Amino acid sequence: MGKKIKPLWIQKIEYLLYRIGLAYLRCLPREYGSALAKKIGTLFYYIDFRHYRIAKENLEKSNLNYPSSRYNAIIQETYQNMFLLLWEALSNNLSIQKSNLDHYIEIHHYHYVTDIQKKYPSIIYVTGHLGNWELLGSTVAIKGVRLHSIARSIPNFYIEQHIRRERERYGQVILCKKGAISEALRLLRQNKDIAFLVDQNAGSRGEFVEFFGRLASTFSAAASLSYRFNRPIIPSFAIRRQSQFFFDIYVTEPICPNLQNNASDEIHRLTQLYTQRIEEWIRKYPTQWLWFHRRWKSQPPSPIFNLKE
């Protein structure tokens with residue numbers, strides 16, 4: 001059975017409260033809003049025991065070789081960065097325009113995009129829940145890339161429509177995660193660029209690749225489409241600086257499919273390569289990744305031994 005849909009009157013009340021809260025946030029000075037977000041993040045660090053335990057376990061098993069005190073500091077900063085992201089997405093991201101893009105954001109190695117565009121008709125972008133991934137899509141769109149990004153829908157029709165409009169105001173097109181693969185097939189046939197978030201647990205049907213020294217079920221749709229349509233994959237990341245609302249966007253070296261390999265081997269290889277790239281950037285900026293997610297929840301089935309042998 002599908003999820004029960006909320007009555008429209010409840011959705012309207014939620015939307016009203018959302019817009020009131022949004023109006024308040026957008027009236028706050030940027031420095032005050034950022035400081036408030038950090039304080040709320042610190043508060044959750046002390047009271048959100050369930051996600052603290054998940055993050056602590058993930059960090060301890062990720063071969064980072066930090067002392068226990070460092071793990072606690074990373075978790076606290078992770079909470080702060082999570083609420084900073086929420087604050088930025090609801091308010092500050094809207095201040096980014098083509099005219100002031102270079103003031104707030106420095107884009108590194110964008111030549112990877114322009115160079116690969118000469119060889120391939122379209123590109124598949126991947127990123128993770130690192131830094132400000134919401135800003136990444138808007139920035140690429142402002143640069144003139146007609147990007148189609150896949151996002152999970154929100155269980156409130158009115159809030160969903162409002163957030164979709166905000167995300168698409170610079171030219172980015174948002175695709176609902178449900179049914180996104182069939183839409184991605186259509187777009188790639190039309191030589192359109194698409195983007196995926198690929199760093200969460202993909203369940204029992206995911207591709208099991210190594211991530212921080214452990215097997216993790218990983219979304220392989222980007223790899224599968226790359227192989228099927230012969231499209232390069234470009235992992236990219238929007239990293240927050242220490243100063244208020246300034247970012248570095250890093251475009252990394254393209255990962256190109258090898259069509260000489262068989263499909264299953266090549267999909268596994270591509271999935272491993274972009275997962276490895278994400279791990280490299282998380283290791284550089286561990287406080288900006290969402291350690292609260294049960295990334296390693298799904299594991300491959302244990303091998304079955306014939307006990308009679």
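**Exercise 1. Which residues does Ile233 touch, not counting residues up to four places away in sequence?**

Keep in mind that this is a predicted model.

*Step 1.* Place the residue: Ile233 sits in strand 8.

*Step 2.* Collect its contacts, skipping residues up to four places away in sequence. Ile233 touches Ile124, Val126, Ala222, Ala223, Ser226, Glu253, Pro254, Ile255, Leu270 and Tyr274.

*Step 3.* Check the accessibility. The relative accessible area of Ile233 is 0%, so it falls under the 20% cut-off and is buried.

*Step 4.* For a sense of distance, take Gly21. Its C-alpha atom and that of Ile233 are 38 Å apart, with the two positions 212 residues apart along the chain.

**Exercise 2. Work out the strand order of the open sheet and find its edge strands.**

*Step 1.* Read off the order. The sheet is open, has seven strands and runs 1-9-8-2-5-3-4, with mixed pairing.

*Step 2.* Look for strands that pair on one side only: these are strand 1 and strand 4, the edges.

*Step 3.* Get the twist. Ignoring direction, neighbouring strands of this sheet are turned by 25° against each other on average.

*Step 4.* Now look at the pairing of edge strand 1. Strand 1 and strand 9 (residues 247–251) pair in the parallel sense over four bridges, and Ile105 has Phe247 in strand 9 as its bridge partner.

*Step 5.* Add a helix. Helix 11 (residues 263–284) packs on the sheet and touches strand 2 (124–127), strand 8 (233–240) and strand 9, with its direction at about 15° to that of strand 8.

**Exercise 3. Follow the chain from strand 3 to strand 4 and give the handedness of the crossover.**

*Step 1.* Check how the strands pair. Strand 3 (residues 147–151) and strand 4 (residues 173–176) are parallel partners over four bridges. Among the residues involved, Ala151 has Cys176 in strand 4 as its bridge partner.

*Step 2.* Trace the connection: from strand 3 the chain passes through helix 8 to reach strand 4, a β-α-β crossover that is right-handed.

**Exercise 4. Describe how helix 1 packs against helix 8.**

*Step 1.* Recall what to report: two packed helices are described by the angle between their axes and the distance between the axes.

*Step 2.* Fill in the numbers. The axes of helix 1 (residues 8–27) and helix 8 (residues 157–168) come within 7 Å, crossing at roughly 40°. That makes helix 1 oblique to helix 8.

*Step 3.* List the contact. From helix 1 come Leu8, Gln11, Lys12, Glu14, Tyr15, Tyr18, Arg19, Leu22 and Arg26; they meet Phe157, Tyr158, Ile159, His162, Ile163, Arg165 and Glu166 of helix 8.

*Step 4.* Sort those residues by type: eight are nonpolar, two polar and six charged.

**Exercise 5. Is Gln288 buried or exposed?**

*Step 1.* Locate Gln288: the segment after helix 11 holds it.

*Step 2.* Use the accessibility. Gln288 has 9% relative accessibility, so it counts as buried.

*Step 3.* See what surrounds it. Leaving out residues up to four places away in sequence, Gln288 touches Asn81, His129, Leu130, Gly131, Ile239 and Arg240.

**Exercise 6. Where do His109 and Asn191 lie?**

*Step 1.* Start with His109, which is in the loop between strand 1 (105–108) and helix 6 (111–117). His109 is not a glycine, yet has a positive phi of about 65°.

*Step 2.* Turn to Asn191, in the loop between helix 9 (180–189) and strand 5 (193–197). Asn191 isn't a glycine either, and its phi is positive at about 60°.

*Step 3.* Finish with accessibility: His109 is partly exposed at 42%, and Asn191 is partly exposed at 38%.

Technical notes: Residues numbered from 1 in each chain as written. Predicted model: local features only at pLDDT ≥ 70, side-chain atom pairs only at ≥ 80, totals over all residues. Heavy atoms only, no water. Axes fitted to C-alpha atoms, helices over the stretch in contact; angles between N-to-C directions. Helix = DSSP H or I, 4+ residues; strand = E, 2+ residues; numbered from the N terminus. Parallel < 35°, antiparallel > 145°, perpendicular 65-115°, else oblique. Contact = heavy atoms within 4.5 Å. Nonpolar A, V, L, I, M, F, W, Y, C, P; charged D, E, K, R; others polar. Buried < 20%, exposed > 50% of the residue type's maximum accessible area, 1.4 Å probe, protein only. Pairing = 2+ DSSP bridges. Right-handed = clockwise from strand over helix to strand, strands pointing away.
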